[in-house]
Amino acid sequence: MHLSERDSQVIWHPYTQHQNHPGAIPIARGEGALLFDENGHAYIDAVSSWWVNLHGHGHPYIAEKIYRQALMLEQVIFTHFTHEPAVRLAERLLGILPGNLSKIFYSDNGSTAVEVALKMAIQYWQNQGMGERKKILAFDNAYHGDTVGAMSVSGRSLFTRAFKDLLFDVVFIETPTGLNANKIKSVLDAHRGQIAAFIYEPLLQAAGGMRIYEAGPMDELLKSIHQENILCIADEVLTGFGRTGPLFASEQLQYPAQIICLSKGLTGGAMALGVTACSKKIFETFLSPGHEKTFFHGHSFTANPLACSAALASLDLLEEKTCRDKIQFIHKQHEQFCKNELSITGRGLFDNIRVIGTILAFEIKLGESGYANRISNLVMQKALEKGIYLRPLGNTVYLLPPYCISPEQIRKLYDFILSIPVFIETGGL
Ligand SMILES: Cc1ncc(COP(=O)(O)O)c(C=O)c1O
């Protein structure tokens with residue numbers, strides 16, 4: 001039986017409506033920005049395999065480091081034990097993360113990195129006898145993951161609808177525009193002294209529709225948040241490791257977070273790993289002679305040595321000048337393409353064309369805005385026919401390629417985007 005049929009008999013895929021799913025495409029291997037199916041057809045991975053891949057698939061340097069580590073130590077309980085890759089990675093991350101962070105807590109994906117951050121923030125206040133600080137402040141349209149705590153601090157949406165009665169109450173505010181400062185202030189005033197932490201995706205709300213917001217008004221907001229002693233949690237799960245240009249999006253903001261969440265590009269996309277970095281002050285509030293202040297959180301694969309080795313290898317590659325140049329190159333290409341081609345071809349049909357770092361996004365003005373818009377299926381299907389893997393968020397089309405993508409491959413993505421109005425007009429819908 002064909003792999004796709006065997007798959008459909010036994011597998012339940014994420015974010016997939018199986019009633020009308022055409023069947024998963026078996027991928028046999030990956031190389032650079034390309035994924036190859038079992039018949040050898042190549043697809044440009046224009047979404048970096050759910051935003052995780054930085055340096056390309058099957059990267060020999062990362063693969064070699066994982067292999068070497070696997071021969072030494074593949075996994076060990078991380079309570080009484082430690083190991084070189086975990087310590088080295090923590091040292092290196094603390095050296096490059098913005099702000100003044102001094103401890104790394106490991107988990108194994110973006111959602112758990114967020115759960116850890118939220119629990120840390122709540123217990124931070126409890127451990128100081130200030131349990132009244134227990135509310136979380138978050139942005140409308142945010143997305144922080146699919147576990148229950150991470151869903152709670154995400155904007156209420158199609159994704160969270162079935163669980164609405166289970167999610168804890170969160171104080172939501174709009175992303176700052178400069179025009180809504182008073183509105184936001186009145187919300188903060190209403191909850192003064194009760195907010196434990198503010199969680200945000202710095203400058204880019206990704207799954208919420210690749211929405212970019214400005215650093216200036218965000219700095220104003222962060223200033224008042226700091227004045228109220230609210231802990232800041234920067235969710236850099238997507239924005240980390242160069243996606244928005246600088247190594248971390250938070251570098252573009254004046255007020256550093258006391259907690260930062262990382263995952264996705266952390267290992268270059270090769271292994272599952274999550275990190276929650278925090279300040280010394282937070283760590284110290286968890287110290288007590290007995291267990292009364294202990295942070296009771298951990299996962300079986302916390303600080304998995306293979307994942308830590310992959311992350312160290314990815315950092316080596318990121319530190320090379322050629323990698324920084326590639327990030328710059330993609331950014332410049334996107335900007336030129338938007339200015340010289342997309343804004344002209346897309347006139348009337350494309351809206352809100354935008355670029356941040358290596359990410360380009362726009363909306364197709366057809367039907368309802370949002371994830372449920374079925375235009376995504378058509379765009380995805382047409383892209384696959386052209387050897388491109390795109391996964392629009394409803395009517396929001398975006399490119400988020402691995403940094404190793406070649407100029408020819410980027411051009412191919414652009415040519416496809418320019419063809420969208422044509423196939424929509426010729427009755428593709
Ligand atoms: C900003 C942000 N936070 C958290 C997550 C959750 O990460 P994971 O899918 O690894 O659980 C995501 C995933 O897209 C994300 O974009």
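Which residues are around the ligand? In this predicted model, they are W51, N109, G110, S111, Y143, H144, G145, E201, D235, V237 and K264. Sorted by class, that shell comes out as 3 nonpolar, 5 polar and 3 charged residues.

Let's look at the polar contacts to the ligand. Three neighbours along the chain, N109, G110 and S111, are part of the shell, and each has an entry below.

| Residue | Protein side of the pair | Ligand side of the pair | Distance |
|---|---|---|---|
| N109 | side-chain N or O atom | oxygen atom | 3.4 Å |
| G110 | backbone N or O atom | oxygen atom | 2.8 Å |
| S111 | polar side-chain atom | oxygen atom | 2.6 Å |

So much for distances; now for cover. On its own, the ligand would expose 390 Å², and the protein buries 84% of that area.

One member of the shell is worth a second look for its backbone. K264, one of the residues around the ligand, has a positive phi of about 40 degrees despite not being a glycine. You'll find K264 in the loop that runs between β11 (259-262) and β12 (274-278). N229 also has a positive phi without being a glycine, in this case about 60 degrees. Its place is the loop between α8 (215-227) and β10 (231-235).

On to the pockets. The largest pocket holds about 1,800 Å³ of space. Its lining counts 39 residues, and Y15, T16, H21, M380 and R391 are the ones nearest the centre. Which elements give two or more residues to that lining? They are β3 (42-45), α2 (48-51) and α12 (375-385). Of these, α12 gives the most, with 7 residues. W51 sits at the end of the α2 range (48-51), and W51 is also one of the residues around the ligand.

In class terms, the lining of the largest pocket has 22 nonpolar, 12 polar and 5 charged residues. Both domains take part here: domain 1 (3-59 + 321-428) and domain 2 (62-319) each supply at least three residues to this lining.

The second largest pocket comes with about 890 Å³ of space. Of the 29 residues lining it, F78, F105, F283, F295 and H297 are the closest to its centre. Here the elements giving two or more residues are α4 (84-96), β4 (103-107) and α9 (280-284). Which element gives the most to this lining? That would be β4, with 4 residues. The class split for the second largest pocket is 16 nonpolar, 11 polar and 2 charged residues.

To pull the ligand site together: the protein buries 84% of the ligand's 390 Å², and the shell doing the surrounding includes the charged residues E201, D235 and K264.

Terms used: Residues are numbered from 1 along each chain as its sequence is written. This is a predicted model: local features need pLDDT of at least 70, side-chain atom pairs count only at pLDDT 80 or more; totals for chains, interfaces and linings use all residues. Side-chain values use heavy atoms; hydrogens and water are left out. A residue is near a molecule or strand if one of its heavy atoms lies within 4 Å of it. A polar contact is a pair of N or O atoms within 3.5 Å; within protein, one must be able to donate a hydrogen and the other to accept it, and residues adjacent in sequence count only if both atoms are side-chain atoms. Accessible areas come from the Shrake-Rupley method with a 1.4 Å probe; for residues, only the protein chains shown count as cover. On a 1 Å grid over the protein atoms alone, a cavity is a set of points where a 1.4 Å probe fits but cannot get out, and a pocket is an open set with protein on both sides within 12 Å along at least five of seven lines; lining residues have an atom within 4 Å of a point. Grid points are joined across faces, edges and corners, and a volume is the space filled by probe spheres set on the points. Domain bounds come from an automatic or database domain assignment.
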